[in-house]
Amino acid sequence: MAATIVKLKRDHAEAVSAATPAVAVAVPASVAPRRSIGISREAIVRLVLPFFTFGFVIAAWVVVQTHIAPELPTPAAVAQRAAEIFADPFRDAGPNDKGIGWQLLYSLGRVSAGFGLAVLVAIPVGFLMGMSKTFNTAWQPLIQILRPVSPLAWLPIGLLVFKAVDPSAIFVIFITCIWPTLLNTAAGVRAIPQDYLNVARVLKLGPLEVARKILLPAARPYILTGMRLSLGIAWMVIVAAEMLTGGIGIGFYVWDEWNNLNVASIIVAIVVIGLVGIGLEMVMNVLQRRFDYTAH
Amino acid sequence: MKSYLNVEDTGIEFPMAQGSFRALRNVNLKIERGEFISIIGHSGCGKSTLLNIIAGLLNATEGVVLLEDREVREPGPERAVVFQNHSLLPWLTVYENVQLAVDKVFASMKSKAERHAWTLENLALVRMEQAVDKRPNELSGGMKQRVGIARALAMEPKVLLMDEPFGALDALTRASLQEALMEIHTRLGNTVLMITHDIDEAVLLSDRIVMMTNGPAATIGDVLSVKLPRPRHRLTLAEEPAYVQARAAVLKFLYERERRPSEAAA
């Protein structure tokens, strides 16, 4: 995925540099009124306004760089660094020199593993908490205490127990993902209308049938929301976790480039992390559209 | 002699934070096979509670409910319920909602093809065969309730229990569903027990109207037989003396004998 993004970016960069600024501005302005049916005014505004924002941020960056913090790389230097990084994103020159593509894949792998395990645990436990008042009373205080704790606080515990970096990072992601999914599942099960359960009772559905045919689909929108929240936070936490664990991964990459005083790489990484985050969000969007009957 | 459905000395008391709340007492009701019975009464008089006891969704604290001489202790498809707010499952299509019931009730009795045909037949009965692939949120209120009725009918219940089935519908939709229900009742001869708060609906549809006193500790105040020949037609009925009389009797019960508690206090 990283590769395609890069390609798009490059093509775009070439297109922009080929056109003179005057033409670039003049085109939408002169075309818009005549093609009022084709592209709506709103669509143009939606495209143009973000460009102004990006332009403003880059301008501010240039000002800060020239007058306040000359240590910062210039936008041009970052663009050049990005071109270098993306020239060979899957470079593999030994354990300490891997391309950004590998770094991302390792991070995504840890996030998927931790997220997957958390979902496997959180959905059944969430169901129990939603269905049984007793279970809820027993577990709610523990969850309330643990939920506000930064998942990174669990990293040493993970290292102690697993004695290896990879499972510890996965463990941290597991802890990150479990609370939102669990609490949303429980809320979803609690929100199931009594009527649906009455339908199940009249039909004499067995406990497993009730779970599969009524509870799970009825709670699905909540569960998906919980998963979406979990995944979003997990992607933020993994960067920090990998900075601490080292080895490989996008978080480690950022820290490593800091140690090399290669700030341009860090800025490239920040943008890439953001784009991957959008990608994860889009995956959850697709899932939600597919499985959430309320979204139709 | 025992009737088809017997409600004998039934009462229910709900445990509350302080003491208990008695909703029903000494309810006695005998319903014959094929009868159409309405229960009418002011809100809060325990109509739904009574229906839920017969459905088996609530357990009476006193008395017994017998259907064909067998005690009702739990819910089951032979006492299918049409709920007021249709309670179709929103993630299933119209077809799947009915299919869920058909597959469960006739799992061992009908083949897959027969179950499919039976599902479609019941949807056709309520004139919803055109919308089988729609989801509930794509349907109007009246259409949802039609599917709810199809789902209940598809269980081939001994008694069809309807909890204010048309309460949430506008007058025109309500009228067309009443017609549909009369037509189905004529054709299939089901035993129906329906809660309503609409006097015209009760008189139009029922063989007998069960009128309930105000709660707490509500019970049956009076039972009115509606001696109108079937098929009944809404337009001609309005001028018929028996209709006017029945209507007046229910009105009198509700607004003279059992005034709304708030009005009585004022």
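Here is a short conversation about a predicted model with chains A and B.

Visitor: What makes strands E1 and E2 of chain B a pair?

Guide: Pairing asks for at least two bridges between two strands. Eight bridges join E1 (residues 5-15) to E2 (residues 20-31) in chain B, so these strands pair. They run antiparallel, and Leu5(B) has Ile31(B) as its bridge partner in E2(B).

Visitor: What lies between E1(B) and E2(B) in the hairpin?

Guide: Four residues separate the strands, and Gly19(B) in the turn has a positive phi of about 65°.

Visitor: How do you know that Ile54(B) is buried?

Guide: Happily, membership settles that one. Ile54(B) belongs to the largest nonpolar core, which has 119 residues. A nonpolar core is made of buried residues, so Ile54(B) is buried. Helix H8 (residues 165-190) of chain A supplies the largest share of this core, 15 residues.

Visitor: Why is the group with Leu104(A) and Tyr253(A) called a second core?

Guide: That group is separate from the largest core; it has 17 residues, Ile267(A) and Ala269(A) among them.

Visitor: What makes Ala234(A) and Phe115(A) a contact?

Guide: Contact means C-beta atoms within 7 Å, so this pair meets that cut-off. Beyond its neighbours within four places in sequence, Ala234(A) also touches Val111(A), Gly114(A), Ile173(A), Thr176(A) and Cys177(A).

Visitor: Which residues make up the contact of chain A with chain B, by number and kind?

Guide: Chain B contributes 17 residues and chain A 13. Helix H2 (residues 94-105) of chain B gives the most to its side, with three residues. The side of chain B holds 12 nonpolar, three polar and two charged residues.

Terms used
Residues numbered from 1 in each chain as written. Chains lettered and ligands numbered in written order. Predicted model: local features only at pLDDT ≥ 70, side-chain atom pairs only at ≥ 80, totals over all residues. Core = buried A, V, L, I, M, F, W, Y, C linked by C-beta atoms within 7 Å. Buried ≥ 20, exposed ≤ 12 C-beta atoms within 10 Å, placed from the backbone. Helix = DSSP H or I, 4+ residues; strand = E, 2+ residues; numbered from the N terminus. Contact = placed C-beta atoms within 7 Å. Nonpolar A, V, L, I, M, F, W, Y, C, P; charged D, E, K, R; others polar.
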